[in-house]
Amino acid sequence: MKVARSLSTNLTCVVIITVALLISTTVLASAEEAKNKVKAVFSPIESSLIALKQSNSLNQKNIRHVLNQYLLPEVETRYFTYKVLNKNMSKVPEKLKIEFINELSIQLVNTYSHLLNKYSNEVINIGQASLSNSGKMAMVDITIIGKNSTNKAVVKLLQSKDKGWLFFDIEVEGISLLQSKQAEINASFNKLGIEGTLLQLKKINQKLLDD
């Protein structure tokens, strides 16, 4: 009996250890996939920035063009917008939701463009990746190492069933774009209402695009 019980206990331990190892491997693989996604997106961005720098064409307009080409298709713009709207989401008519997605996407791209605006042949280093407790979100460190300064950011990605990892937020100096916009939009809704907030976003974005 003791031998049988011992074998049963050992077998249980083996099963638990095996499952734990499988889960650990899956988590590591998933975090690595998120990191690889960031590398795959930022590699052509970095190459484009180098080309712009060499041709003395590195400006906000051209950087936004690069980001619209390589980054924006990899952003979960609907999720970002809905999280920004937060409790105000139910107030927005369906016909206006697409417009909010478009306008807030412009502002998201503009935040990235500000981060990259002072690019001067620095190294864009993709650092460590980590997962949320649910495993559905990933955080990947980005460091832009220059001669005189180092800029750090954390990009956040959401796991999509159809498209894999997609970007949805960025933290620069510990400040989340999503949370900042959430507070900003909430205050605007209270002051200007739905259509007034949308109009204000359009005015801000038009000024950005005209610069």
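Helices α3 and α5 are oblique to each other in this predicted model, because the angle between them, about 50°, falls outside the ranges that count as roughly parallel, roughly antiparallel or roughly perpendicular. Two packed helices are described by the angle between their axes and the distance between the axes. For α3 and α5, that distance is 7 Å. On the α3 side, the residues that take part are Phe80, Lys83, Val84 and Leu85. They meet Leu177, Leu178, Lys181, Gln182, Ile185 and Phe189 in α5.

The path of α5 itself deserves attention. The helix covers residues 177-210, which makes 34 residues, but its end C-alpha atoms are only 22 Å apart. A straight helix would reach 50 Å at 1.5 Å a residue. A kink of about 115° is present in α5, and its centre is Leu192. At the start of the helix, a side-chain oxygen of Ser176 reaches to within 3.3 Å of the backbone nitrogen of Leu178.

Which residues of α5 are buried? They are Leu177, Leu178, Lys181, Ile185, Ser188, Phe189, Thr197, Leu198, Leu201, Asn205 and Leu208. An α-helix has 3.6 residues a turn, so residues three or four places apart point the same way. The cover over the buried residues of α5 includes the helices α2 (60-70), α3 (77-85) and α4 (94-116), together with the strands β4 (164-172) and β5 (175-176).

Within α4, Gln107 offers a detailed view of the contacts with α5. Gln107 lies in helix α4 and counts as buried because its relative accessibility is 5%, against a limit of under 20%. The side chains of Gln107 and Lys181 are joined by a polar contact of 2.4 Å. Apart from neighbours within four places in sequence, Gln107 is in contact with Lys181, Glu184, Leu201, Ile204 and Asn205. Among these, Lys181, Leu201 and Asn205 belong to the buried residues of α5.

Two loop residues remain to be considered for their backbone geometry. Most residues other than glycine have a negative phi, and most peptide bonds are trans. Asn86, which is not a glycine, has a positive phi of about 50°. Asn86 is located in the loop between α3 and α4, and its relative accessible area of 42% makes it partly exposed. Glu173 is likewise not a glycine and has a positive phi, of about 55°. Its place is the loop between β4 and β5. Is Glu173 buried or exposed? With a relative accessible area of 70%, Glu173 is exposed, since the threshold is over 50%.

Conventions. Residues are numbered from 1 along each chain as its sequence is written. This is a predicted model: local features need pLDDT of at least 70, side-chain atom pairs count only at pLDDT 80 or more; totals for chains, interfaces and linings use all residues. Side-chain values use heavy atoms; hydrogens and water are left out. Helices (H or I, at least four residues) and strands (E, at least two) are DSSP runs, numbered from the N terminus. The expected span of a helix is 1.5 Å times one less than its number of residues. The bend at a residue is the angle between axes fitted to the seven residues ending there and the seven starting there. Buried means under 20% relative accessible area, exposed over 50%, partly exposed in between (1.4 Å probe, protein chains only). Contact means heavy atoms within 4.5 Å. A polar contact is a pair of N or O atoms within 3.5 Å; within protein, one must be able to donate a hydrogen and the other to accept it, and residues adjacent in sequence count only if both atoms are side-chain atoms. Axes are lines fitted to C-alpha atoms, for helices over the stretch in contact, and angles run from 0 to 180 degrees between N-to-C directions. Angles under 35 degrees count as roughly parallel, over 145 as roughly antiparallel, 65 to 115 as roughly perpendicular and the rest as oblique.
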